[in-house]
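I opened a new page for this one. My plan is to look at the sheet, then the helices on it, then how the copies relate.

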There are 2 protein chains.
Amino acid sequence: MEKFQRNERIAILIKMLSDSPCKIFTLGDFTEMFGSAKSTISEDIDIIQNLVAKFDLGMIKTISGASGGVTYIPSVSREKTVGILESLCGELSRKERILPGGFLYMLDIIYDPQKVSDIGRIFAGRFYSKNVDYIVTMETRGIPLAFITAKYLNVPLIIVRHSNEATDGASVNTSYVSGSSKKIQTMVLSLKALRRNSRLLFIDDFMKGGGTAKGIIELAREFGCEVVGIGVLIETAQPAKKLVDNYFSLLVLNGVDEDKGIIDIKPGSCLV
Amino acid sequence: MEKFQRNERIAILIKMLSDSPCKIFTLGDFTEMFGSAKSTISEDIDIIQNLVAKFDLGMIKTISGASGGVTYIPSVSREKTVGILESLCGELSRKERILPGGFLYMLDIIYDPQKVSDIGRIFAGRFYSKNVDYIVTMETRGIPLAFITAKYLNVPLIIVRHSNEATDGASVNTSYVSGSSKKIQTMVLSLKALRRNSRLLFIDDFMKGGGTAKGIIELAREFGCEVVGIGVLIETAQPAKKLVDNYFSLLVLNGVDEDKGIIDIKPGSCLV
């Protein structure tokens with residue numbers, strides 16, 4: 001068998017680990033691939049662990065025991081989180097974003113792969129210890145963010161829709177009341193989508209009253225599942241009392257002054 | 001300045017390159033970071049280039065000239081593509097997937113981060129030379145696939161919707177006729193979404209008649225943009241004549257026999 005040098009093994013190891021975040025690799029996977037002893041691979045992993053920490057590129061975690069191994073968590077340091085959020089606030093405060101009605105144009109941000117990936121890493125770092133089985137979101141604008149979070153946590157994505165389609169098969173339909181507009185809306189999820197007793201993480205781009213999040217919690221209950229975390233990119237400061245508790249928001253939108261062209265947005269509860 | 005060993009530099013280089021696919025890094029970016037000479041970094045890049053090729057993990061491309069540098073393209077070899085597509089066909093052929101009306105349940109596949117990433121790499125490898133400016137998709141089911149393709153090609157994603165929302169600002173609305181059902185539907189895209197004269201790649205999960213793809217081409221024209229590529233995960237064998245030409249499909253669904261419980265699906269034009 002071909003022998004590999006340390007720099008070759010380390011390069012391939014770091015690439016494989018970071019291409020499959022939160023997947024647990026056993027040392028055996030690697031000893032076989034490189035024809036190296038376990039002790040050699042362990043030393044390689046130690047080097048990678050230090051490097052990833054030194055360059056603030058996430059976290060390499062070793063898990064001991066029979067089902068043990070090594071995994072890469074694409075988390076973000078507090079310092080880097082502050083930088084990402086301040087940069088987002090800077091972009092979101094540009095007055096050209098103000099739309100009629102005091103809405104904020106932000107599609108260019110929530111559909112941008114690099115920005116969405118940065119935000120997804122913050123969510124992954126926050127929620128990886130919750131052992132979630134699925135990421136769930138409500139169509140449409142939160143899907144990229146929910147998808148990348150699912151990729152970083154190595155779990156499937158579930159998309160709840162507003163109406164059902166033949167290609168979804170039999171579905172559960174529930175009604176929910178939007179927290180801000182008080183309109184009654186429908187949520188639809190395919191019966192095949194979730195295993196019972198699963199732990200769900202709800203990810204969305206925006207939370208005002210919290211009606212969607214509350215609706216998702218109730219929908220999950222119909223499937224015998226539990227929402228164990230809620231992460232949103234932006235929450236509005238008003239109403240201060242949301243329909244759900246225990247959510248994690250990255251930014252708080254304090255207000256939009258259409259006349260003066262001022263958008264007041266700040267990093268949120270995530271830095272507390 | 002701290003000196004880094006070759007194995008440390010190589011590990012960080014491969015991680016940075018593969019975390020930002022299709023981004024062009026200059027050698028200067030790296031000489032500064034590591035305090036190393038250009039010739040040293042060049043040797044590192046050579047080693048990485050060989051390794052990535054040897055382990056079939058994509059492609060490292062060096063670009064010469066003033067705006068030159070090095071970039072990582074997450075393409076997939078033909079051999080690996082065959083393996084991915086055969087595995088998808090195996091999963092999609094399971095008779096439990098057949099829904100009333102002969103539809104196929106496939107949400108578990110098109111929302112699965114690992115499978116979607118594999119498919120996105122095939123699209124990235126196929127289309128990176130087209131110099132696209134945006135990935136475009138129609139909500140909802142193709143969004144994860146379109147998003148990961150956007151991430152791998154380092155361009156923004158654009159999501160066309162069925163109806164407009166206040167948060168999109170002023171929008172262009174067009175009508176299109178579904179190729180299979182002949183129903184007239186609406187496409188909506190925010191006026192701010194696209195720069196004129198851009199090159200678009202349309203990505204979707206499924207193509208039957210090609211009506212959606214044709215609608216996107218016409219919508220793009222309203223923005224002064226051009227669709228330079230179309231990639232779909234599955235096309236149906238019938239109708240054989242689609243409303244668009246020059247599309248790239250990974251799988252062909254020949255038919256679903258509800259009574260016998262047989263799904264006939266094969267790798268498509270991509271392997272020709």
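**Sheet and copies**

I began in chain A, where 6 strands make an open, mixed sheet in the order β6-β5-β9-β10-β11-β12. (Strands are DSSP runs of E, at least two residues, and helices are runs of H or I, at least four, numbered from the N terminus; two strands pair if DSSP finds at least two bridges between them.) The edges are β6 (157–160) and β12 (262–267) of chain A, each paired on one side only.

A note on the source: this is a predicted model, where local features need pLDDT of at least 70, side-chain atom pairs count only at pLDDT 80 or more, and totals for chains, interfaces and linings use all residues. Residues are numbered from 1 along each chain as its sequence is written, while chains are lettered from A and ligands numbered from 1 in the order in which they are written.

Next I checked β9 (residues 199–207) against β10 (residues 226–236) of chain A: they pair in the parallel sense over 8 bridges. There, F202(A) sits opposite I230(A) in β10(A).

Which strands does helix α6 (residues 113–127) of chain A touch? I found β9, β10 and β11 (248–257) of chain A, counting contact as C-beta atoms, placed from the backbone, within 7 Å.

Then I compared the copies. A turn of 180° and a shift of 0.0 Å along the axis lays chain A on chain B with an RMSD of 0.0 Å (least squares on C-alpha atoms of residues with pLDDT of at least 70 in both). The two are thus related as by a two-fold rotation axis. Both use the same surface, as 100% of chain A's contact residues recur in chain B.

Notes:
Two residues are in contact if their C-beta atoms, placed from the backbone, lie within 7 Å. Axes are lines fitted to C-alpha atoms, for helices over the stretch in contact, and angles run from 0 to 180 degrees between N-to-C directions.
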